[in-house]
Every structure is written in C-alpha cells, then in structure tokens.
Amino acid sequence: MGLPTLWRRNPESTGRVAKIQHPLGSALAGPAQSHADDRALASVFVAYTASATFWLIFATAVGLLLAFKFGAPDFWAAKYLTFGRLRPIHTNDTFYGFASIALVGLAYYVAARSCGTSLYSTALAWAGLALFNIAAIAGTIALDLGYNWGDLEYREWPWPIRLIFLAALLVTGWNLIATVARRSADDIYLSNWYTIGGVLWTCIIAIVAVLPWYQYGLGQVAISGYYMHNAVGMWFTPLALGVFYYAIPKILSRPIYSYALGVLAFWTNLLFYPLLGAHHFLFSPLPWWLQTVAIVFSVAMLVPVWGGSANYLLTMRGHQHDMIHSYPLMFIFVGVIGYLVGSTQGTVEAFRSMQAIWHFSNFTVGHSHLTMYGFVSFAVWGGIYALLPLATGKSPGRLGIALHFWMALVGSFIYVISLSVGGTVQGMDWVDGKPFIQSVVDMQPYYVWRGVGGLLMFLSHVVFAWNVWRMTRGQAGNAASPILPPVGEVAA
Amino acid sequence: MNKLLAIAGGALGIYIVIVLLVAVIPAIELSQAPAGPGVTALTPLQDEGRQVYAANGCGYCHTQQVRPLDEDKPFGRPSAPGDFAFQTPELLGSERTGPDLTNVGNSKPSDVWQYIHLYDPRAVEPESIMPNFKFLFDVVPVVPPGETAVPVPEAFAPKNGKVIPTLQAKALVSYLLSLKQSPIPGFSTAVAMGTATAATPPAATPAPAPTGYAYDAAKGQSLFTANCAACHQASGQGIPGAFPSLIGNTAVDDADPTLHIQTVLHGAHGVVVGGVKYNSAMPPFSGQLSDTDIADIVNFERSAWGNHAKPVNAADVAAIRAKGN
C-alpha cells in the first residue's frame, strides 16, 4: 500500500490522460475540496449509512418473524401482526429503507470522490435522506394499518407515499448530476454512469408505477410485471455495480480490467433489462408476444451480467492474497458472485419449461434473496466497509467484520439452498398432481432451515450495526480497512 | 457538461422509449380489454371483501390466475384476458404457499366452511399453515338477533361465548364465494377441491362387467383427501353442526348406493342427516370427476371408518349420471 500506482481511468483520475497518482486520492484533491467539504461529505455518508442500518435491522427482524410464522401460524396472528401485512413491510423496508438509502449514501461519496469535488449541495442530500425516511416510515405505518394499493409487489405503499419516494429520487438525481457536473476533468468515471442512470431510470419507474390511466385489470398486470423487475434491475443493480466499479479498483489500487467492457455492460443492461419484466407472468393471460420478448431478453441479459462479472473478477485476478486479508474485498467478491449466479439463475428461471416447475414456488423467494442479499446487500456492505473508514478515519474491529461476513454468508447459503431445494420439491408435487396440501406438508423442513439461515443473517446485521457504530462514533483506528495506511493516518 | 448530457440524457431517453413500448402502450391496450362473457362487476359487499383481501395480504400466498398447464387444471380453466376486466387492483399473485383461489366459490361454496376456516384454518385442515383471522370475528356471550354463530368445532372454539363474523368477515366471505370462473366454450370450468388428480376429463367410461368389491383404494383415499376431506374431514366425522359425518351415514352406509352417488355427482343443500339439518352447500362433482374416480371415492367412503356398505362400480355411477339431476 501507499506506493504510487499507475492508474488509467481510475476512480480518482481527473483526466483522460493516464497519470501517476497516490491511491489515497483525497490527499491530492483539487482546490474545490476543503476539510469542511470532507467533513460535510463524511457526515452525509454516515447519516445515510446509519439510517440504512436502522432499516436493515427493522426490516430483517420483521423478516425473521415472518419466517417463524411458517412453522407457527398462530403466533402473533393479531390484526397488526398478521403475515399478510408484515410481508410487504419486510420487502418494502429492505428495498426502500435499507438498500436504497445505503446505495444513495455510497453514490454521493463515490460521486464526490471520483470527481475530485465536493457535493453540489449538502442540504439537498439531507433533504433527500429525510424524504426517503419519511416515505419508509409512512409506508410502514400505512401497510400495517391495512392501507395499501393492492398486493402489488414492491409498490404496495399508497400513492401519496410513493410520490414522497419519487421526490427523494428527484432530489438525489439533481444533486448527483450537479455534483458530477462540477468535476474538473472531461471524463465521467463509470461508477457515476451507473448511479446517475439508476436514479434517472427509477424516477421513470416511480412515475409509470403511480399514473392510473392504464392500470385497469390486465393492464395493471403488465405494469406489475414491468415494475417488480425494473425496480430491482434498474435501481439496485446499477447502483450496486457503481459501488463495484469504484471500490474494487480503490481497494486493489489498480484500474478496472476493461473500461470498455464496463461501458458495454452499461448500455446492454439498459437495452435488455427493461424488457424482461413480463417473465413474472409467464403463462398468464398477458399477450404471448410480451412473454416471449421477456424470455428472449432474459437470455440477452447474460451479456451485461457475464461481461460485468468478468470485468470485476479479472480486475481481482491475481489478488487472492489481498482478498484473504481484506474483508471489504471479500464482501465485494461475494457480491460479484451473487450478481453472476443470481442473474444467471434468473435467466434459467425465465424459460417456460423451468417456470412450469418453479413459478409460484419458494424457489422464487430463494432467487430474490440470492440477488437482493447475495448481490446487492453484500455490495452495500463491501462498499461501506471499504469507503466509510476513509470518510471517518475509523474502522471496525477485525472480529466484528469477520463475524458479520461469515454469519451473513453461511446464513444466506442455508437460506437460499433450503428454499431452492424446497421450492423444487413443492413444484414437483404440483406437477405430480398430489393433493395441494401435500406441497404444504413437504415444505415444512425447508421452512425450518430457512428460519435458521434467516436467524444467522439477522444476527450478522446486528453485528453490522455495531461495526457501523465503530466506524462512526468509535475510536479512530484502521484495523480492517485495506485502504488506510498501516498507522494512524486517515483520509478525511 | 456535454458528456454528462449525452450519458444521462441518452440513458434516460432510451429507457423512456423502451418503457413506452413494453409497458405503457401494452398496458393502455390491455386496460381496455372487454369483460369476458358472464364476467360481471362485484357487488358493493363483494368489493369491500376484495379490499379486506388485499389489505391483509391474502395475495401473497394465494394466486388468482390459472395457467394453461396440466398442474393448474385443479383450479379451473386457463385464465383469459376477459376474466380480469373488473379486477383493479390486480390480485394475480406470485406465490402459491396456499392454493389458487380463482374458483374457490365453486370448490368451497359453503359460507360456513369459509367462516370456520378463516376463524381457525386448522379446524378444517389440520396441516394448514395459514394464519388464523380471529380478528375478523367477535366472540359474544349471546348471539344477537339476525346473527348466526359460526359452528367452530369444540376443540378450536373459545371456551366461553359464541363466534360471530364481523362485517369485514362477511364481506370477505362474500367476495371469496364470488370467485367463480365463467364458462368459456371448449374449456371445462369444473374444479376440484384442490387436487390435480381431478384433471381427468369427465369420461364416458364403458361399463365394465361388475367385479364386486375391487377398486383402487389408494386412489380413492387420495381423491377423498383432495375433494372431500376439507368438510367431511380425514376422520370421516365431519364438523358437528356444519358438515355431516359419513360414518354410519344413511346415504353412505346403506345397501342402496343411489343417494350416495347422486349426492357426489350433483351436490347437496339443506340435507337432514341423523335428524340434523345441514345448511351448507355441497358442490357437485359431476363436472370434474370421471365415473371411475367417483366410484373410487364412493367405495372408499363405503368401506372406511367402519362403514361396510355394498360396493359400486363405474357402471353404477354412469347409470345414475345418465339419469341427470
């Protein structure tokens, strides 16, 4: 560490021409940055991370309760604790509370640092954070009181609340674009393509989802298919990939393997992903052409997924040693593998022959956790562990970060494998024409294992909260960060 | 700035075009899909029930879409675009932790069954993992005039007082009972009580020579589990006051199988068994079960739980089927 490294179009690069630069880019920050700016950026990053951590703990506590209810359906079956009200609270708060807020916090930090500038507006960042939180709180209360917009997955919040979320997105998009516009160099680092793209696309998603004119009967089904996949793949995916593109070169002090491949993945993701939403409604009365288009582009998604994954893995190639000594990199490595495996699995699931067995079964729940957890959440954690210590100068203990990593990894393995196997059993029961109740009975052991995995995952989040505390309020230190110099010195 | 404009503007513009093409424009067209024949709007009470259904997230475990796959045949004919004309918000669902409900009004037409099942699903289905919805019911010391107590089996009933449904429960059950596919020529709307074994089309089985008491006992039991046990229970004892016991039942355990076969074929309503009048409706099975299937069920019932009545064969069923209702 600490040796000058040749960077070409690296995250800290301030020009098209390759230049010698210290990997601790902020030390060489341009005149636009002052210590006050650094502190403002750090406090925004910390606040977003802390908020996200709260929602992570809350939403996964709810998830754990839901998992328990599969074995004990009469446990806490009262009105405000009934399964059907808590289930959308779990999904919406992990999506719009935890993952969204965490990724926007990371995006701000990456935008400012990679452009060598300060945030365009700290006030807008705070306003966005407030709006995200107001939406999540109001949404949680509304769902628990039984006010929803139908059981429309991931857009159950009543529309006024989703407008608050849209306002948060608009504020975020404005602030990110204006920040990147202040860069001194001509080039825009790839991470910012993904984050700005993600925010802009999600504004469209939020608008399309809320306008009422074309959402009657089957028309609404078409929008549901579009929404439930675009809200994942055009929001969490690009923002998490933006974290990869910044954090991997940062940790390894080497440029991304291929900038061009990253650009190709960006445009192909944009061209292919929006088209595959209808694969959630194969064999439904939606037009057959729409379903077939969705299948075709589910296969086409292999281009950006494999291209992007190869890019990250090739950047890491030959640095296994660094990985062993760097938990942030381990988190990111798992995130990349989660992206590769989860997305490829999604392609396989989209075939009609596979859907005939897996659709409606718990296999789908396993898939959504492999992607949202194995990919997105690990990307978030890797990004936070790699970058938050740079902003605050404080690191979590090695034991804490190791506990988080291994409990989350083992927990999610148990979770995904039990539901994948169980979901297959469930689907085969249906294909075999057994009485329906047999599929319920056969799932029981897998539900138990899912609960075991879920418990480990939840406990890992509690440790994560402790680690966030150490990275923000704890003693200054640098135990586990791969990027901080070995003694004392901090970046911000 | 130009580069930023190109990337952000280009990405946004391309995305808007794609979204219009694959989401908004198809949705505009699909929103205007006309109602299918026989598909009608819900009554105000049913509509309120639909809101109770959505508010409590029933759609997370129950789908309302039947796919053109063999495994979906127990739930009815494949769903058609016209089925969804009055379904906003849509409740097609994405998971079958519990069975599809597209035709639950046909397969479980008894409101009494629906009430007991909502109050405590395990009272009628011991293996169910559905949460109870006791919060949709009141427990009162005296049943007010105009109300009817839900005959919850003793083991599941509150120790003191009677269970009566709230308005929300009434609306929900009214909605559930309204869930019936309308017929489309060429498709059978017949549904089983939740099994795929009923996928066999009504067969005009040629009458085999009477062979006495030989039948497929395993299949008979499986068909019974899937089609009959929800009300009559695996024990055959039914639910006191709600669904009659089949043990020593005068229709079942009788030398003459005519009434027994007739009841399975055509359903029943308001029958008196053992001096007790049962108001619950039993659905007809003539539409979805073949003569052989019905003979297997009937023979299972006539020989299980200590019953030992004269066996029947598919020809007997065919003969009674031919007479009509």
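The legends below cover chain A, chain B and the contact between them in a predicted model.

Numbering and cut-offs. Residues are numbered from 1 along each chain as its sequence is written, and chains are lettered from A and ligands numbered from 1 in the order in which they are written. Local features need pLDDT of at least 70, side-chain atom pairs count only at pLDDT 80 or more, and totals for chains, interfaces and linings use all residues, while side-chain values use heavy atoms, with hydrogens and water left out.

**View 1. Chain A as a whole.** Chain A holds 15 helices and 2 strands (DSSP runs numbered from the N terminus: helices are H or I, at least four residues; strands are E, at least two). Its C-alpha trace spans about 70 × 45 × 45 Å along the principal axes. The radius of gyration of chain A is 22 Å, which agrees with the value near 23 Å for a compact globule of 492 residues (taken over C-alpha atoms; the globule rule is 2.2 Å times the number of residues to the power 0.38).

**View 2. The two domains of chain A.** Domain 1 of chain A covers 1-254 and domain 2 covers 319-492 (bounds from an automatic or database domain assignment). Domain 1 of chain A brings 40 residues to the contact and domain 2 of chain A brings 44 (contact: heavy atoms within 4.5 Å). Between them about 3,700 Å² is buried, 83% of it from carbon and sulfur atoms (accessible area, 1.4 Å probe, that two parts lose on being put together, summed over both). There are 0 salt bridges between these domains (a side-chain nitrogen of Lys or Arg within 4 Å of a carboxyl oxygen of Asp or Glu). The polar contacts join 3 residue pairs, both at pLDDT 80 or more (N or O atoms within 3.5 Å; within protein, one must be able to donate a hydrogen and the other to accept it, and residues adjacent in sequence count only if both atoms are side-chain atoms). On the domain 1 side, helix 1 (35-69), helix 2 (83-114) and helix 6 (218-252) of chain A each supply at least two residues. That side has 29 nonpolar, 7 polar and 4 charged residues (nonpolar: Ala, Val, Leu, Ile, Met, Phe, Trp, Tyr, Cys and Pro; charged: Asp, Glu, Lys and Arg; polar: the others, Gly among them).

**View 3. Chain B against chain A.** The contact draws 71 residues from chain B and 83 from chain A. The two chains bury about 6,500 Å², 68% of it on carbon and sulfur atoms. Tyr15(B), Tyr60(B) and Ile129(B) supply 12% of the area that chain B buries against chain A, more than any other three residues.

**View 4. Polar links between the chains.** Chains B and A share 4 salt bridges. Lys3(B) and Asp186(A) form a salt bridge through their side chains, 3.3 Å from N to O. Polar contact links 19 residue pairs between the chains, both at pLDDT 80 or more. Helix 1 (2-31), helix 2 (44-55) and helix 6 (217-227) of chain B each give two or more residues to the side that touches chain A. Helix 1 of chain B gives the most, with 21 residues. By class, this side of chain B has 42 nonpolar, 20 polar and 9 charged residues.

**View 5. The two domains of chain B.** Domain 1 of chain B covers 44-178 and domain 2 covers 197-323. Their C-alpha centres lie 25 Å apart. Each domain of chain B puts 13 residues into the contact. The buried area is about 920 Å², with 70% from carbon and sulfur atoms.
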